[in-house]
Amino acid sequence: MRHSTSGRRLGWATADAVVIVAALLPVAWILSLSVKTEAALKQNTLWPSEVTLDNYRGIFQTSLFTRALVNSIGIAVLSTLVSVVLASMAAYAIARLDFPGTRLLVGASLTIAIFPQISLISPIFNIWRAVHLYDTWPGLILPYLTFSLPLAIYTLSAFFREIPWELEQAAQMDGATPFQAFRKVMAPLAAPGVFTTAILVFIFAWNDFLFAISLTSTDSARTVPAALAFFSGASEFQQPTGSIAAAAMVVTVPIIIMVLTFQRRIVAGLTAGAVKG
Amino acid sequence: MPRRQELTGRARAERRLALILCAPAVLVMAAVTAYPIVYALWLSLQRYDLRFPNRSAFVGLENYLTVVASSRWWQAVANTVIITVVSVTIELVLGMLVALVMHRTIFGRGAVRTNVLVPYGIITVVAAFSWRFAWTPVTGYLVRWLHLSTDPLTSHGTSLAIIILAEVWKTTPFMSLLLLAGLALVPEELMEAARVDGASAWQRFVRITLPLMKPAILVAVLFRVMDAFRVFDDIFVLTGGANQTQSVSILGYDQLFVGLNLGIGSAVSVLIFLIVALIGLVFIRGFGAAAPGAGTRR
């Protein structure tokens with residue numbers, strides 16, 4: 001009996017280890033490339049024999065990367081803010097108010113969220129050139145709303161449905177003003193859902209590549225994923241591998257920290273709409 | 001309902017508030033998606049080459065005929081279908097295994113859940129670069145480990161396999177988390193009862209777990225199929241669409257930004273949109289996947 005438990009335990013531990021290694025290997029590899037010396041990049045070993053920060057110094061000296069980093073942060077933050085504010089209003093109505101069109105709205109959001117983005121590229125490209133939004137921040141923020149807003153509405157309405165709204169009336173009966181009831185009772189209840197949604201939306205915007213390469217042409221709005229595709233080495237004969245790896249780490253580490261810190265919420269957010277329906 | 005009139009008044013006020021609250025989101029969504037789609041339809045009926053803008057004219061369905069008659073389009077459709085079917089199938093199996101590991105394992109459960117989120121959080125382009133460098137001779141450790149003598153990213157079959165690998169690595173976590181949430185809905189007592197009745201682990205999985213998880217599985221597969229069908233980032237970074245590895249999204253992008261042909265590019269866009277809409281319909285009608293979220297049903 002004891003034997004079979006420890007054997008089983010070993011089996012699960014092996015399964016755990018396999019999953020963890022598989023999940024981390026490509027990230028470890030990028031990290032390794034980012035600290036390899038120019039010569040070591042040509043030795044196809046998984047780990048570097050010596051560690052250098054030259055690649056990191058290199059990318060922070062080019063405006064190509066620093067501008068892209070600023071663009072990525074600014075554009076992702078603004079699209080997150082806009083979509084979360086607009087989606088909170090709509091999700092409140094969907095979760096709490098009785099009106100015809102609830103289903104239609106959620107259905108439409110979902111349809112738009114899984115929409116093939118390439119279908120929007122040609123018309124938006126043409127419209128943006130005409131209205132001078134091509135290669136600008138709003139020129140990316142607006143198309144990002146096509147996926148961030150539906151995603152936010154969908155996730156938030158799933159969260160808001162779980163909130164015990166009766167507490168608002170209870171607080172008012174206990175003598176709280178409507179504003180106090182909102183600030184002290186309802187806002188704290190809604191905050192976790194709003195926060196989780198903001199993280200998910202931010203990750204989506206941060207990840208976008210297709211809109212970013214299609215609707216920008218200079219470093220005035222080009223984000224990091226798009227800039228990575230335009231990286232070149234210090235000289236014509238140098239491969240940009242080290243620079244790409246370093247830049248990749250810079251944009252990956254903060255997201256990984258954020259994802260790991262808020263992992264419970266993110267899992268709840270990802271599965272909220274899909275399973276509870 | 002004794003005081004019907006009062007209720008109607010209240011209901012009316014509620015509707016008005018709902019309208020006001022939803023209006024901004026609805027207007028924005030219409031402006032950024034509905035309008036461009038209609039405009040794409042219009043563009044797809046024009047001869048519109050950015051190099052010769054003054055030769056633009058209404059040509060009806062000519063662009064569609066050109067696209068449908070080209071072998072590149074069908075190659076791209078075939079690639080996209082292969083990538084979608086193979087990667088979603090692998091993801092479903094792997095995702096189920098990972099979900100079972102997370103569900104059943106007692107120690108190390110937290111570590112697995114934490115690490116599984118890493119691929120989810122990473123930018124697709126970054127992960128794609130990681131795979132590209134790993135498979136590039138001279139630089140890549142995988143080339144050395146597997147003793148490859150040629151560059152796997154220069155031939156059709158191996159390129160597609162690596163694209164699928166990149167897709168699977170990136171999106172299996174999402175699949176496994178959705179499936180894990182589904183697993184949590186399977187009542188423990190039922191499994192226990194089956195165990196007492198002498199059902200093997202495999203029988204319990206096939207007869208109890210799978211049927212109860214059907215809705216979760218269908219939703220996860222639907223999400224992933226729609227997502228996989230628009231595969232772009234991985235291919236762009238790994239092969240750039242070389243050695244006949246274009247997906248429909250890569251083809252549409254090339255028509256616009258390499259071919260500078262807005263008319264043809266828009267026709268491709270509309271065709272992709274129609275295919276994706278069709279897949280969604282088939283899933284919801286055919287397989288009875290509850291339109292996710294279409295519900296006050298709880």
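**View 1. B:Asn243 and B:Gln244 lie in the loop between α10 and α11 of chain B.** B:Asn243 counts as partly exposed, because 15 C-beta neighbours fall inside 10 Å. The model is predicted. Phi of B:Asn243 is near 35°. That is a positive value in a residue other than glycine. B:Gln244 also has a positive phi, near 50°, and is likewise not a glycine. B:Gln244 has 16 C-beta neighbours inside 10 Å and so counts as partly exposed.

**View 2. Helix α11 of chain B is mostly covered.** The helix spans residues 248-257. Eight of its ten residues are buried. They are B:Val248, B:Ser249, B:Ile250, B:Leu251, B:Gly252, B:Tyr253, B:Gln255 and B:Leu256. The cover over these buried residues involves both chains. From chain A it includes α5 (118-130) and α9 (210-214). From chain B it includes α3 (71-104), α10 (233-238) and α12 (262-286).

**View 3. Helix α4 of chain A carries its buried residues on the same side.** In α4(A), the buried residues are A:Leu105, A:Val106, A:Ser109, A:Leu110, A:Ile112 and A:Ala113. They cover an arc of only 165° around the axis, which means that they share one side of α4(A). An α-helix has 3.6 residues a turn, so residues three or four places apart point the same way. The helix has twelve residues, 102-113. From first C-alpha to last it reaches 17 Å, close to the 16 Å expected at 1.5 Å a residue.

**View 4. A:Arg57 sits in helix α2 of chain A.** This helix covers residues 54-60. A:Arg57 counts as exposed, because it has 10 C-beta neighbours inside 10 Å. A:Ala246 is 189 residues away from A:Arg57 along the chain. Their C-alpha atoms are separated by 9.1 Å.

**View 5. Chains A and B meet in a contact of 82 residues from chain A and 85 from chain B.** On the side of chain A that touches chain B, helix α1 (residues 2-34) of chain A gives the largest share, 13 residues. By class, that side of chain A has 61 nonpolar, 16 polar and five charged residues.

**View 6. Chain A is divided into domain 1 (1-52) and domain 2 (58-276).** The centres of the two domains of chain A, taken over C-alpha atoms, are 31 Å apart. Eight residues of domain 1 of chain A contact eight residues of domain 2 of chain A. The domain 1 side of this contact holds five nonpolar, one polar and two charged residues.

**View 7. Chain B is assigned domain 1 (4-44) and domain 2 (62-286).** The centres of these domains of chain B, over C-alpha atoms, are separated by 34 Å. Their contact takes five residues from domain 1 of chain B and eight from domain 2 of chain B. The side of domain 1 of chain B that touches domain 2 has four nonpolar residues, one polar and no charged.

**View 8. Confidence varies among the elements of chain A.** The mean pLDDT of chain A is 85. Of its residues, 94% reach 70 or more. Among the elements of chain A, α9(A) has the highest mean, 94. Helix α12 (residues 263-276) of chain A has the lowest, 74. Where pLDDT is low, the predicted coordinates should not be read in detail.

Note on methods. Residues are numbered from 1 along each chain as its sequence is written. Chains are lettered from A and ligands numbered from 1 in the order in which they are written. This is a predicted model: local features need pLDDT of at least 70, side-chain atom pairs count only at pLDDT 80 or more; totals for chains, interfaces and linings use all residues. Helices (H or I, at least four residues) and strands (E, at least two) are DSSP runs, numbered from the N terminus. The expected span of a helix is 1.5 Å times one less than its number of residues. A residue is buried if 20 or more other C-beta atoms lie within 10 Å of its own, exposed if 12 or fewer, and partly exposed in between; C-beta atoms are placed from the backbone. The arc is that of the directions from the helix axis to the C-beta atoms. Two residues are in contact if their C-beta atoms, placed from the backbone, lie within 7 Å. Ala, Val, Leu, Ile, Met, Phe, Trp, Tyr, Cys and Pro count as nonpolar, Asp, Glu, Lys and Arg as charged, and the others, Gly among them, as polar. Domain bounds come from an automatic or database domain assignment. pLDDT is the predictor's confidence in each residue, from 0 to 100.
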